[in-house]
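Hi everyone, thanks for coming. I'd like to walk you through one structure today, so please have it open in your viewer while I talk.

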Amino acid sequence: MDRPLPSLRASLDDFLAQLATLQYRHAAGLSPDLRLRELHEDSPEISSEEAFAAATEAVPKARAKGDLLGVRRLQLLREFIATQVEEALAAPAAEAVAQLEARARLPVDDQALSFGEALGQLPHEPHRARRALLESATGDFLWDNRGRYGERREAAFRVTERLRAPSYLALREDVSGIELPKLAEAAAETLRRTEDAYRDVLGYVLKKVEPTLRALPSGNARRHDLQAGTQIPWLSGFFRREDEWSSVIRWLTEWGFHPAAQGRIRIDDEARPGKASRPFTAAVRIPNEVRLVVQRREGLDALGSLLHEYGHALHHAHVSEQLPLELRRLGDASVTEAFATLFERLLTHEEWLKRYVRLPTATARDASRMAAFQALTVLRRHCAKLPYELSLYTRGPSPERAEEYADAQRRALFVEPHPGFFLFDVDSQLYVTRYLRAWALETRFTAQLTARFNEDWWRNPAAGRWLQGYFGRGGTDDAEALAGELSGMALTLPEAGERLVALLNR
């Protein structure tokens, strides 16, 4: 390939559109297959080692010229290429896993459920005995098929060889700029600082699920009990599925956002078999074709998930069309995750719940506190996942990692997990780091919005316009740069945990 970077840039937008369409159709229940291998075979320039080498060589040249924007574009390309080399190597295993999950039938009671159905039902099942059956069925399925899931994880070691990196962790640090040891230390500190508050509220939540439930180490609560508890089922009647969509649309309209971004966001809320139980966003073309996929459900968690994905969709739909391709299409995923989290954290605002969900004052106070507990649970789970994943990508996906995974989750959440999830509960390319940095960045956005527009910034159209300015910048800045711009200080993950603890202690 004589000119690998021009060839890659010419194909990048169409490749990402095809990839997003495949992912959309699979997760929306429109196709049982995920034909990733064929896509990569048709676009060899996307996962070209020559392109990676060319981008690597070009970075110092652009830096020497003082072309900071050029450096940023090349850095994004390097990370994108490294990711796609891994994804191309993993494509056969990923296709096999997608087919396996789509075709599996798990015995639960007298039913035969698909893997997705069993996972989707588990947190919403009110009867503990059946939740245990669902957890056992899904966990045992994953354990029995750990070889297939392990093959997907093995691609990380193969890409290390292909790109001549000293290790997978070194490769990801190099292309992302994220200091993994420093973030792991911050995650451990966050777990320490939030443990007491988390355990206090966990006891309350478990008793609401079932009066006899107690957390570890003295009790026998399992992960499925916590999953049921974080659905906050005692408040579900206040979050009806038929009302949640209208609540979000009313808020967005008052805030000055067109809910469909003048047609750039296409909403798929049709019920169909095989559709993912949680909402998701597929950015087919940025900013002009963004798909928001929704399976309408009731409950506080359902509303939070809808707000989260709307944050992604509106961000993508408001990226400036004038940006260079790399800045429009690529970027630090922590930034879009921060915007999504900013929207989701609206559930911790009592006044937002009273105004748009029309909750009574006492109910809004309880719901906002439970939303903070949900968020803290997710934060602690991911803080525990980071050191585990660093070990996984150092030692490999052997069965010994299962107990390591279970022990980390046990110590973070004080419930007993199923070890079979040890290769399933892993996001590719250490995406856990993107979530952790996003939650730290969200605290800075919230602080700045509050300082500029008061605590009810979410109803001030000027705040919406200010936020749109950041949406429009696409991938121009990473999370660290934005944190410095917003506050003059570096990202600090423990700050995100302390903010949630403060919300719990109100």
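Let me start with a definition: a residue is called exposed when its relative accessible area is over 50%, buried when that value is under 20%, and partly exposed in between. Keep in mind, too, that what you see is a predicted model.

Now please find Gln 262. Is Gln 262 buried or exposed? Its relative accessibility is 55%, and the cut-off for exposed is over 50%, so Gln 262 counts as exposed. You'll see Gln 262 in the loop between helix H11, residues 241-255, and strand S3, residues 265-268. There is something about its backbone as well: phi is positive, about 55°, although Gln 262 is not a glycine.

Arg 358 has a positive phi too, about 60° in this case, and again it is not a glycine. Look for Arg 358 in the loop between helix H15, residues 350-357, and helix H16. With a relative accessible area of 60%, Arg 358 is exposed.

Next, the sheet. In what order do the strands of the open sheet lie? There are 3 strands, the order is S3-S5-S4, and the pairing is mixed. S3 and S4 are the edge strands with a single partner each, so each of them has one side without a neighbour in the sheet. From one strand to the next, the twist averages 20°.

Let's take the two pairings in turn. S3 and S5 run parallel and are joined by 4 bridges. Within that pairing, Asp 268 stands opposite Val 293 in S5. Helix H1, residues 4-27, packs on this sheet and touches S3, S4 and S5. The direction of H1 makes about 150° with that of S4.

On the other side of S5 we have S4. Strand S4 covers residues 280-285 and S5 covers residues 289-293; the two run antiparallel, with 5 bridges between them. One bridge to follow on screen goes from Phe 280 to Val 293 in S5. S4 and S5 make a hairpin, and 3 residues lie between them. Pro 287 is in that loop between S4 and S5. The peptide bond joining Ile 286 and Pro 287 is cis, with omega about 10°.

There is a cis bond elsewhere as well, from Leu 216 to Pro 217, with omega near 10°. Pro 217 sits in the loop between helix H9, residues 180-209, and helix H10, residues 223-229.

Let's go inside now. Which residues of the largest nonpolar core touch the most other members? That core has 165 residues, and the ones to highlight are Trp 251, Phe 343, Trp 352, Leu 441 and Phe 445. Helix H16, residues 361-395, supplies the largest share of this core, 16 residues. A second, separate core has 5 residues, among them Tyr 24, Phe 280, Ala 282 and Val 293. You have met Phe 280 and Val 293 already, as bridge partners.

While H16 is on screen, pick out Thr 363, which belongs to this helix. At 13% relative accessibility, Thr 363 counts as buried. Leaving aside residues up to four places away in sequence, Thr 363 touches Leu 235 and Phe 238.

Back to Trp 352. Again leaving out residues up to four places away in sequence, its contacts are Trp 251, Leu 303, Leu 307, Leu 346, Leu 347, Val 357 and Trp 458.

That brings us to a helix pair. H11 and H15 pack with their axes 9 Å apart, at an angle of about 105°. This means that H11 is roughly perpendicular to H15. From H11, the contact uses Ser 247, Arg 250, Trp 251 and Glu 254, and from H15 it uses Trp 352, Arg 355, Tyr 356 and Val 357. Sorted by class, that contact has 4 nonpolar, 1 polar and 3 charged residues.

Last stop: Glu 455, in the loop between helix H18, residues 432-453, and helix H19, residues 461-471. Glu 455 is exposed, at 64% relative accessibility. Not counting residues up to four places away in sequence, Glu 455 touches His 349 and Thr 450. Glu 455 and His 349 are 106 residues apart along the chain, and their C-alpha atoms are separated by 8.9 Å.

Thanks for listening, and I'm happy to go back to any view.

How values were computed:
Residues are numbered from 1 along each chain as its sequence is written. This is a predicted model: local features need pLDDT of at least 70, side-chain atom pairs count only at pLDDT 80 or more; totals for chains, interfaces and linings use all residues. Side-chain values use heavy atoms; hydrogens and water are left out. Two strands pair if DSSP finds at least two bridges between them. A nonpolar core is a set of buried Ala, Val, Leu, Ile, Met, Phe, Trp, Tyr and Cys residues joined through side-chain atoms within 4.5 Å. Buried means under 20% relative accessible area, exposed over 50%, partly exposed in between (1.4 Å probe, protein chains only). Contact means heavy atoms within 4.5 Å. Axes are lines fitted to C-alpha atoms, for helices over the stretch in contact, and angles run from 0 to 180 degrees between N-to-C directions. Angles under 35 degrees count as roughly parallel, over 145 as roughly antiparallel, 65 to 115 as roughly perpendicular and the rest as oblique. Ala, Val, Leu, Ile, Met, Phe, Trp, Tyr, Cys and Pro count as nonpolar, Asp, Glu, Lys and Arg as charged, and the others, Gly among them, as polar.
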